[in-house]
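Have the sequence and the 3D view open while you read. The text goes through the structure one place at a time.

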Amino acid sequence: MPRNNALTERLGLAVPIVQAPMAGATTPGLAAAVCAAGGLGSLGCGTQPVEASRGQIEEARRLGARPLHVNFFCHAEPGAGAGGDATRMRALLAPFFFERGLGEPPLPALPYQSFGAEQLALVEALRPEVVSFHFGLPEAGLVEAVKAAGAMVWSSATTVAEARWLEEHGADAVIAQGAEAGGHRGTFLGAEPAHQPGTMALVPQVADAVAVPVIAAGGIADGRGVAAALLLGASAAQLGTAFLRCPEAAVHPAHRAALAAAGDDATRITRLFTGKPARTLRNRLTEELLEAEDEALPYPLQLSLTGPLRRDAATAETLPLWSGQAAGLTREMPAGELVRRLGEEAATALRRLAG
Ligand SMILES: Cc1cc2nc3c(=O)[nH]c(=O)nc-3n(C[C@H](O)[C@H](O)[C@H](O)COP(=O)(O)O)c2cc1C
């Protein structure tokens, strides 16, 4: 694979492949295996306490993860009373709780916080090479302090307007996240999920609009997709769903089985699990509560209501089964082998094109 762009040179990557930070699913072992194979290993720290993130970053370093990419959330937190009346949503969820003997759905609460002083102190102490944010960027002082700690600052854009905004507010690289992507849209300027461009349309338009490097994300799960991302103007490809079937990922067995069985039309975007639009495999909860989409509480309050269903899950029926549209291309194999395979496939695809 050519190491021929400013981003891969700066980070010393042998392959232009970023394993996506995925809160709850990424592990130190996953990040270290990706790094050992020449890609960028990542940890999703957006939904866990700072001490848990500290332990994961230290463990990843101990396992040799370098360079390391660490991700945080910087969502706007709903103010007091913003959740409105949770009575109706709790009543809709109640049958799922009762049939599992979980009692009443809980009252809404904030399950975790946006990036702030505590997370910054962690970055300053442990100095990951890349710090990325989901849902925009934190305030200017925090962005500057992260850079002063030696990290590149990245964030996801789902439209050209968001990419421009990120560049203007100090991002060193933009992840162009197409509509195919698994998990939450990184949307922060209010684009409707139904209006968001796919990766094929978004990446070249973002590459034309900003001067900083672009990383393509969404629906990329094999080397052909990595090669296509490079041809569209990206400096690297960020893959999430493709890594969920690696043994090193922390993924529920029912989620793994659902990914292995998924076809190209298996996903939908829903707010029902967390309150923000996110792409998941369809399951009993998304289908039975389809009509209640608009009643989901603001992010992340909705997540606090569905939390016990996730923790208790024995089946895929009520789990958030985050997945992009390319689940059908994913393979069950160790992460290092996957990175090597992706690099070889991309090199073959590019050679074939060169004739
Ligand atoms: C299980 C899962 C969890 C995710 N969690 C995060 C996260 O914590 N932070 C983040 O910036 N992106 C997160 N994403 C989105 C990825 O960064 C990336 O945009 C997406 O996986 C790309 O699409 P793909 O899944 O089709 O490869 C997540 C994606 C998945 C599938």
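The paragraphs below begin with the ligand and then turn to a few residues in loops.

What you see is a predicted model. Start with the ligand, which sits in the largest pocket. There are 22 residues around the ligand, and those that come nearest are A23, N71, G219, G240 and T241. Two strands can serve as landmarks here: β3, covering 68-73, and β9, covering 236-239, each give at least two residues to the shell around the ligand. Sorted by class, this shell holds 11 nonpolar residues and 11 polar ones, with no charged residues.

Next, look at individual atoms of the ligand. A nitrogen atom of the ligand lies 2.8 Å from an N or O atom in the side chain of N71, a residue already listed among those nearest to the ligand. At P21 the partner belongs to the backbone: a polar backbone atom of P21 is 3.5 Å from a nitrogen atom of the ligand. The ligand also has an oxygen atom 3.1 Å from an N or O atom in the side chain of H134. How much of the ligand's area does the protein bury? Taken alone, the ligand exposes 600 Å², and the protein buries 97% of that.

Now move to R331. This residue is in the loop between α12 (301-312) and α13 (335-354). Its side chain and that of E345 are joined by a polar contact of 2.5 Å. Leaving aside residues up to four places away in sequence, R331 touches A221, D222, A242, R245, L338, R341, L342 and E345. E345 therefore appears twice in this account, as a residue touched by R331 and as its partner in a polar contact, which is defined as a pair of N or O atoms within 3.5 Å.

The remaining stops concern the backbone. Which peptide bonds are cis? One joins R66 and P67, with omega about -5°. P67 is in the loop between α3 (50-62) and β3, and β3 is one of the strands that supply residues to the shell around the ligand. Another cis peptide bond runs from Y299 to P300, with omega near -5°. P300 is found in the loop between α11 (284-288) and α12.

Finally, find R127 in the loop between α5 (117-126) and β4 (130-134). Phi of R127 is near 50°, a positive value in a residue other than glycine.

Methods: Residues numbered from 1 in each chain as written. Predicted model: local features only at pLDDT ≥ 70, side-chain atom pairs only at ≥ 80, totals over all residues. Heavy atoms only, no water. Near = heavy atom within 4 Å. Polar contact = N/O pair within 3.5 Å; in protein donor to acceptor, adjacent residues only side chain to side chain. Areas by Shrake-Rupley, 256 points an atom, 1.4 Å probe, with all protein chains shown as cover. 1 Å grid on protein atoms, 1.4 Å probe; cavity = no way out; pocket = protein on both sides within 12 Å on 5 of 7 lines; lining within 4 Å. Sits in = over half its atoms within 2 Å of the grid points. Helix = DSSP H or I, 4+ residues; strand = E, 2+ residues; numbered from the N terminus. Nonpolar A, V, L, I, M, F, W, Y, C, P; charged D, E, K, R; others polar. Contact = heavy atoms within 4.5 Å.
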